[in-house]
Amino acid sequence: MTQTTRVVMNAQGGPEVMRLEDHDVPPPGPSEVQIEQTAIGLNYMDVYQRSGLYPMDLPSPLGLEAAGRVVALGEGVTDVAKGDRVVYGGVLGAYAGRRNAPAARLVPIPEGISDDEAAAVLMKGMTVEYLLERTFKVKSGQDVLFWAASGGVGQLAGQWGKALGARMIGVTAGRENCARIKELGYAEALDRTADDIAARVRDLTGGKGVPVVYDSVGKASFEASIDSLATYGMFVSFGATTGPAPDVSPHLLQTKGSLYFTRPTLANYVAAREDLLHSANRVFEMMTSGALEVHIGQRYPLTDIAAAHTALEAGETTGSTILTP
């Protein structure tokens, strides 16, 4: 047994439900590896799980994404070796100094990409990959509306969409953030605190609207997103930071222009190992080509996990956040 520190919760609720505990990590089981973690990613999915939006079996560990070094191998593991640098996403229990994880969910970190960058980018980057390249395949010359453009996913999406040749229209809050996202691939920056978003989108598109809206905001942005879409447009709802979007009726989709509505999730798009590796490697290719730059806006020690969650929920973070064990 090796002792580590990890975050657990016995109830769902506010940041105060998380607590640090000493934990004995057993040797890795069959098809598992043990990882000494160096960088942990913070994602809004962590908030959904902690808050109760997504029910969890309790007590429960938290955290879904981290990078580190393999220190032990379980029986049957052949794809990685001791000392390898790896990163993973979507494996509950990342808020820890050391942990066991299934070898099938690990991705090798390429040379030239740091552990911090890998932990900051993997889940957010794979989210952008499936959104822009598989849920709705963005083409050169298209207009794309992307909400929460200052956040970790939004910053990557602006750069990715620009690399695909799209005109990226980002929605954020405040002049400072608007100026910032225009340095990160967005051709147009809309201020949700001052602009009529749908009206501005219509102005920018000659009245037609956009073929796709990517909306992670949910309840507060739903109406503006619907009204920003062109005929046959697709509403991609992939988050709910202000609460769930309302139910969508077939009649609404019909009357607003024969629209499409989808609620995808990363878990489905990377469930198969070949899809996981495809998505992760596309992210790393975009980074090594220079098309994608990862911005780590803030760092917290794992002991300050409550403060990190509070800042994320309050919209006080920009780019990605790294937790250090």
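Is F235 buried or exposed? In this predicted model, F235 is buried, its relative accessible area being 1%.

## The pair of F235 and F261

F235 has a ring partner in F261: the two ring centres lie 4.9 Å apart and the planes stand at 45 degrees, so the pair is tilted. The pair joins distant parts of the chain, since F235 belongs to strand β13 (residues 229–237) and F261 to strand β14 (residues 260–262), with their positions 26 residues apart in the numbering. F261, in contrast to the buried F235, is partly exposed, with a relative accessible area of 29%.

## Aromatic pairs elsewhere in the model

With ring centres required to lie within 6.5 Å, the count of aromatic pairs is seven. One of them is formed by F146 and Y214, whose ring centres are 5.4 Å apart and whose planes meet at 35 degrees, so this pair is tilted. Here too distant parts of the chain are linked, because F146 lies in strand β9 (residues 143–146) and Y214 in strand β12 (residues 210–215), 68 residues apart.

Under 20% relative accessible area a residue counts as buried, and F146, at 0%, is therefore buried. Y214 is likewise buried, with a relative accessible area of 0%. Elsewhere, Y44, Y48 and Y54 come together in one aromatic cluster.

## Helix α2 against helix α9

Two packed helices are described by the angle between their axes and the distance between those axes. For α2 and helix α9 (residues 273–288), the angle is about 105 degrees and the axes are 8 Å apart. Angles of 65 to 115 degrees count as roughly perpendicular, and α2 and α9 are therefore roughly perpendicular to each other.

On the α2 side, the contact is made by E117, V121, L122, G125, M126, E129, E133 and R134, while α9 supplies D275, L276, H278, S279, A280, R282, V283, F284 and M287. Sorted by class, the residues in this contact of α2 with α9 are eight nonpolar, three polar and six charged.

## Helix α2 against helix α3

The axes of α2 and helix α3 (residues 152–163) come within 9 Å of each other and cross at roughly 50 degrees, which makes α2 oblique to α3. The crossing in which α2 passes α3 is right-handed.

From α2, the residues making this contact are V121, K124, G125, T127, V128, E129, L132 and E133, and they meet G152, V153, L156, A157, W160 and G161 of α3. The contact of α2 with α3 divides into seven nonpolar, four polar and three charged residues. V121, G125, E129 and E133 of α2 take part here and are also listed in the contact with α9.

## T127 and Q142

T127 is found in helix α2 (residues 115–135) and is buried, with a relative accessible area of 11%. Once neighbours within four places in sequence are set aside, T127 is in contact with V153, F238 and L266, and of these V153 belongs to the α3 side of the contact between α2 and α3.

Q142 sits in the loop between α2 and β9, and this loop residue is buried, its relative accessible area being 18%. Not counting residues up to four places away in sequence, Q142 touches F136, K137, A166, R167 and P211. P211 falls within the residue range of strand β12 (residues 210–215), the strand that holds Y214.

Terms used:
Residues numbered from 1 in each chain as written. Predicted model: local features only at pLDDT ≥ 70, side-chain atom pairs only at ≥ 80, totals over all residues. Heavy atoms only, no water. Phe/Tyr/Trp six-rings, centres within 6.5 Å; stacked < 30°, edge-to-face > 60°. Helix = DSSP H or I, 4+ residues; strand = E, 2+ residues; numbered from the N terminus. Buried < 20%, exposed > 50% of the residue type's maximum accessible area, 1.4 Å probe, protein only. Contact = heavy atoms within 4.5 Å. Axes fitted to C-alpha atoms, helices over the stretch in contact; angles between N-to-C directions. Parallel < 35°, antiparallel > 145°, perpendicular 65-115°, else oblique. Nonpolar A, V, L, I, M, F, W, Y, C, P; charged D, E, K, R; others polar. Left-handed = near helix turned anticlockwise from the far one by under 90°.
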